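Please walk through this model from its sheet outwards, taking the strands, the contact between the chains, the core and the backbone details in turn.

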Amino acid sequence: MSSRKFIFSALAALALTAALVYFYGGSQAPSGQPPLVRLAPENISQFEAAFNAAKGDVRLLLLLSPT
Amino acid sequence: MQGASATQEVLQEFAGKPVRVFIVWEPVLPTDWGAPSTATLRRIKDTRSAQYWDKKRLISQTVGEHGHRSIVWDHISVYPAGTVWNQRPPNPLYEDGPVVQVIEPLRNAIARALQDRCPVGSSIDITPVVGRP
């Protein structure tokens, strides 16, 4: 393999690794926020309870794709 | 994900105001293999936020999804104070998407909801922090 091909392959591998880490590395919520909650039929009532607990505030609900 | 960053900017404009944010990440695209990464979660840093990973899109189904073509995503709703979620969400004051394209009406809806929340004659300032003279 020529050095040019090697450098290109190494950069591509690095970019791929960085992308994988960016999109799929860990799931820690930002400081000051509660930990990420994984919703399931068994705990969906937690979401409802949290929403209603903030009844006195204006509430925003965002539905987003992680990628 | 531009919607998340745009929302963070709007939240900064309403810093210190009684606003709570529920961010529900859900698998929609073929690349949505798992829960959002730390980097993705950091797109909304506001401490008034709580973030959720909804693998089965339960919230989307609750607000209207009834098949793959009707997935509710890249969508934002504003709920006024005083309303409650009872099996279903309350009627929103405002809802629309894609999020990044509705920032101005979103900003207006939050301001209106805060105004409605304040009693008549209240001196609470609901002007966004950004844009004040």
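In this predicted model, a convenient place to begin is the pairing of strand β1 (residues 19-25) of chain B with strand β2 (residues 49-53) of chain B, which run in the parallel sense and are joined over five bridges. Within this pair, B:Ile23 has B:Gln51 as its bridge partner in β2(B), and B:Trp25 stands opposite B:Trp53 in β2(B). Helix α4 (residues 103-117) of chain B packs on the sheet, where it touches β2 (58-64) of chain A as well as β1, β3 (75-79) and β4 of chain B, and its direction makes about 15 degrees with that of β3(B).

The sheet as a whole draws on both chains, for it is an open sheet of six strands in the order β1(A)-β2(B)-β1(B)-β2(A)-β3(B)-β4(B), with mixed pairing. Its edge strands are β1 (37-38) of chain A and β4 (94-96) of chain B, each of which pairs on one side only. Where the chains meet inside the sheet, β2(A) and β1(B) pair in the parallel sense over seven bridges, and here A:Arg59 stands opposite B:Arg20 in β1(B). The strands β1(A) and β2(B) also run parallel, joined by two bridges, and B:Trp53 in β2(B) is the bridge partner of A:Arg38.

How are the residues of β2(B) placed with respect to burial? This strand is mostly covered, five of its five residues being buried. In a regular strand the side chains alternate between the two faces of the sheet. Both faces of β2(B) are covered, since B:Ser49, B:Gln51 and B:Trp53 on one side, and B:Ala50 and B:Tyr52 on the other, are all buried.

Beyond the strand pairings, the contact between the chains can be counted by residue: 57 residues of chain B are in contact with 38 residues of chain A. On the side of chain B that touches chain A, the elements that give two or more residues are α1 (2-13), β1, α2 (38-41), β2, α3 (58-62), β3 and α4 of chain B. Of these, β1(B) provides the largest share, with seven residues. The residues on that side of chain B divide into 33 nonpolar, 14 polar and ten charged.

The largest nonpolar core contains 37 residues, and those that touch the most other members are A:Leu62, B:Ile23, B:Val24 and B:Ile110. Two or more residues of this core come from each of α2 (44-53) and β2 of chain A, and from each of α1, β1, β2, β3 and α4 of chain B. The surroundings of B:Ile23 can be listed in detail: leaving aside residues up to four places away in sequence, B:Ile23 touches A:Leu62, A:Leu64, B:Ile44, B:Ser49, B:Gln51 and B:Tyr52.

Turning to chain B by itself, there are four helices and four strands, which follow the pattern α-β-α-β-α-β-β-α when read along the sequence. Of its 133 residues, 37% count as buried, and among the contacts in chain B with a separation of 6 or more, 59% are between residues 24 or more positions apart. Two of its helices, α1(B) and α4(B), pack at an angle of about 35 degrees with their axes 11 Å apart, and α1(B) passes α4(B) in a right-handed crossing. This contact is made by B:Ala6, B:Val10 and B:Glu13 of α1(B) and by B:Ile103, B:Leu106 and B:Arg107 of α4(B), residues that divide into four nonpolar, no polar and two charged.

The loops of chain B hold some backbone details to check. B:Pro98 is found in the loop between β4 and α4 of chain B, and the peptide bond that leads from B:Gly97 to B:Pro98 is cis, with omega near -10 degrees. B:Asp74, in the loop between α3 and β3 of chain B, has a positive phi of about 50 degrees although it is not a glycine. B:Gln87, in the loop between β3 and β4 of chain B, likewise has a positive phi, of about 70 degrees, and is not a glycine. Are these two residues buried or exposed? B:Asp74 is buried because 20 other C-beta atoms lie within 10 Å, whereas B:Gln87, with 7 other C-beta atoms within 10 Å, is exposed.

Note on methods. Residues numbered from 1 in each chain as written. Chains lettered and ligands numbered in written order. Predicted model: local features only at pLDDT ≥ 70, side-chain atom pairs only at ≥ 80, totals over all residues. Pairing = 2+ DSSP bridges. Contact = placed C-beta atoms within 7 Å. Axes fitted to C-alpha atoms, helices over the stretch in contact; angles between N-to-C directions. Nonpolar A, V, L, I, M, F, W, Y, C, P; charged D, E, K, R; others polar. Buried ≥ 20, exposed ≤ 12 C-beta atoms within 10 Å, placed from the backbone. Core = buried A, V, L, I, M, F, W, Y, C linked by C-beta atoms within 7 Å. Left-handed = near helix turned anticlockwise from the far one by under 90°.
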